[in-house]
Amino acid sequence: MSRFWSDIVHRLTPYVPGEQPALAHPVKLNTNENPYPPSPRVVEAIRRELGEDGASLRKYPDPTARALRETVAKHHGLRVEQVFAGNGSDEVLAHAFQALLKHDKPIRFPDITYSFYPVYAQLYGVEYETVPLNSDFAIDVDDYRAPSGGVLLPNPNAPTGRALPLSEIEVLLKANPDAPVIIDEAYVDFGAESAVNLIDTYPNLLVVQTTSKARSLAGMRVGFAFGDPALIEALTRVKDSFNSYPLDRLAQAAALASYGDQAWFEDSCAKVVSSREKLIAQLQASGFDVVPSAANFVFARHSAHDAATLAAALKTREIFVRHFKLPRIDQHLRISIGTPSECDALVAALGEILA
Ligand SMILES: *Cc1c(COP(=O)(O)O)cnc(C)c1O
């Protein structure tokens with residue numbers, strides 16, 4: 001604390017990201033990173049952009065990320081004016097709070113959801129109400145019918161992994177024609193249905209996606225928003241009042257190349273999904289209740305063992321999982337899907353700990 005701090009800094013409770021352990025070979029199942037390296041085309045594209053001597057780095061990148069946005073627009077059957085690119089979807093979401101969610105009425109999001117949402121609300125002075133998930137940790141869209149300043153949901157939800165069918169997202173959009181509805185699709189590629197195709201029908205829909213999870217590019221920081229050109233313009237106005245060049249040259253080249261390798265993408269998602277299904281069965285066999293997951297992680301509680309104690313015991317074996325000390329979920333662990341050998345190491349360690 002310091003007398004030089006602004007009033008707002010005094011009042012902030014920042015988001016705490018999952019630990020990035022400084023160990024040679026941790027089994028890192030705590031931040032939902034993809035266990036597989038990105039497409040080889042991504043690595044080639046970064047090398048090409050860098051060239052022999054890195055001369056391209058002298059120059060600022062394209063401030064509009066035009067080539068990347070065109071590629072991603074084409075990938076989703078959108079027009080380039082319907083695509084916004086940001087430095088990770090966290091930045092895209094931050095801009096959305098300022099550009100689209102700050103109105104007279106409070107916004108609404110689930111009580112158990114991505115814990116960055118309340119942090120952005122606080123940073124930007126956006127009032128919010130949380131809406132309890134039902135007892136199965138499912139979202140009931142009928143709970144989002146009251147007028148609000150906006151609705152924000154991840155689909156699949158985090159940290160539960162549960163997905164809503166597209167028909168329910170459409171019910172939500174129909175019930176909220178006068179408020180922005182933001183669907184955060186960070187995990188959509190692991191088993192949920194994207195709302196991207198509803199964009200032409202619903203001018204209040206903003207879909208947010210990232211290259212961090214299914215495209216293995218968490219280290220590059222590239223995320224997107226898709227929506228009506230007027231919503232995209234709002235985000236662009238905030239971006240151009242904040243940082244004109246949020247996406248560096250290597251990030252733009254890497255993300256663009258990733259969309260050119262559909263075979264890699266489908267194969268790596270399929271591997272994660274198959275490991276997830278195997279891990280769910282193994283966790284259930286050792287006494288865990290597991291929430292049905294459409295994501296690259298599972299959310300599980302043991303009937304007889306305290307979650308924080310389990311997480312600590314795993315950590316002594318250099319296996320990292322995420323435990324949230326929050327109401328309703330402090331007996332759950334969120335476990336990212338690793339490679340088959342990382343999942344096996346987790347199951348073996350749990351076998352010892354639970355014995
Ligand atoms: C990981 C995650 C993000 C952030 O992704 P970045 O693009 O890496 O900033 C956004 N929303 C949810 C729900 C996430 O889990």
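**Exercise 1. Which helix gives the most to the shell around the ligand, and with how many residues?**

Solution. The model is a predicted one.

Step 1. List the shell: the ligand is surrounded by Gly 88, Ser 89, Asp 90, Tyr 114, Asp 184, Ala 186, Tyr 187, Thr 210, Ser 212, Lys 213 and Arg 221.

Step 2. Compare this list with the helix boundaries. Helix 4 covers residues 88-100 and gives the most to the shell, with three residues.

Step 3. Sort the shell by residue type. Three of its residues are nonpolar, four are polar and four are charged.

**Exercise 2. Find polar atoms of the protein that lie within 3.5 Å of an oxygen atom of the ligand.**

Solution.

Step 1. Start with the backbone: a polar backbone atom of Asp 90 is 2.9 Å from a ligand oxygen.

Step 2. Go on to the side chains. For Lys 213, an N or O atom of the side chain is 3.1 Å from an oxygen atom of the ligand. For Arg 221, the distance from a polar side-chain atom to a ligand oxygen is 2.7 Å.

Step 3. Consider how far the ligand is covered. Taken alone it exposes 380 Å², and the protein buries 93% of that area.

**Exercise 3. Check the length of helix 4, and decide whether the helix is mostly covered or mostly open.**

Solution.

Step 1. The expected span is 1.5 Å times one less than the number of residues. Helix 4 has 13 residues, so it should span 18 Å.

Step 2. The C-alpha atoms at its two ends are 18 Å apart, which agrees with the expected value.

Step 3. Count the buried residues: eleven of the 13 are buried, and helix 4 is thus mostly covered. Among the buried residues are Gly 88, Ser 89 and Asp 90, which also belong to the shell around the ligand.

**Exercise 4. Describe the surroundings of Asn 32 and Phe 190. Is each of them buried or exposed?**

Solution.

Step 1. Locate Asn 32: this residue is in the loop between strand 1 (27-29) and helix 2 (40-50). Its relative accessibility is 0%, so Asn 32 counts as buried, the cut-off being under 20%.

Step 2. Look for partners of Asn 32. Its side chain makes a polar contact of 2.9 Å with the side chain of Tyr 187, and Tyr 187 is also in the shell around the ligand. Beyond its neighbours within four places in sequence, Asn 32 is in contact with residues including Lys 213, Asn 296 and Arg 334.

Step 3. Locate Phe 190: it sits in the loop between strand 6 (181-184) and strand 7 (205-210). Phe 190 counts as buried because its relative accessibility is 2%.

Step 4. Look for partners of Phe 190. Leaving out residues up to four places away in sequence, Phe 190 touches, among others, Asn 34, Lys 213, Cys 269 and Asn 296. The C-alpha atoms of Phe 190 and Ser 268 are 9.8 Å apart, although 78 residues separate the two along the chain.

**Exercise 5. What is notable in the backbone at Pro 156, Pro 159, Ala 65 and Glu 318?**

Solution.

Step 1. Read omega before the prolines. The bond from Asn 155 to Pro 156 is cis, with omega near -5°; the bond from Ala 158 to Pro 159 is cis, with omega near 5°. Pro 156 lies in the loop between strand 5 (150-154) and helix 6 (166-175), and Pro 159 in the loop between strand 5 and helix 6.

Step 2. Read phi. Ala 65 is not a glycine, yet its phi is positive, about 45°. Glu 318 also has a positive phi, near 60°.

Step 3. Compare the cover. Ala 65 is buried, at 3% relative accessible area, whereas Glu 318 is partly exposed, at 36%.

Key: Residues are numbered from 1 along each chain as its sequence is written. This is a predicted model: local features need pLDDT of at least 70, side-chain atom pairs count only at pLDDT 80 or more; totals for chains, interfaces and linings use all residues. Side-chain values use heavy atoms; hydrogens and water are left out. Helices (H or I, at least four residues) and strands (E, at least two) are DSSP runs, numbered from the N terminus. Buried means under 20% relative accessible area, exposed over 50%, partly exposed in between (1.4 Å probe, protein chains only). A polar contact is a pair of N or O atoms within 3.5 Å; within protein, one must be able to donate a hydrogen and the other to accept it, and residues adjacent in sequence count only if both atoms are side-chain atoms. Contact means heavy atoms within 4.5 Å. A residue is near a molecule or strand if one of its heavy atoms lies within 4 Å of it. Accessible areas come from the Shrake-Rupley method with a 1.4 Å probe; for residues, only the protein chains shown count as cover. Ala, Val, Leu, Ile, Met, Phe, Trp, Tyr, Cys and Pro count as nonpolar, Asp, Glu, Lys and Arg as charged, and the others, Gly among them, as polar.
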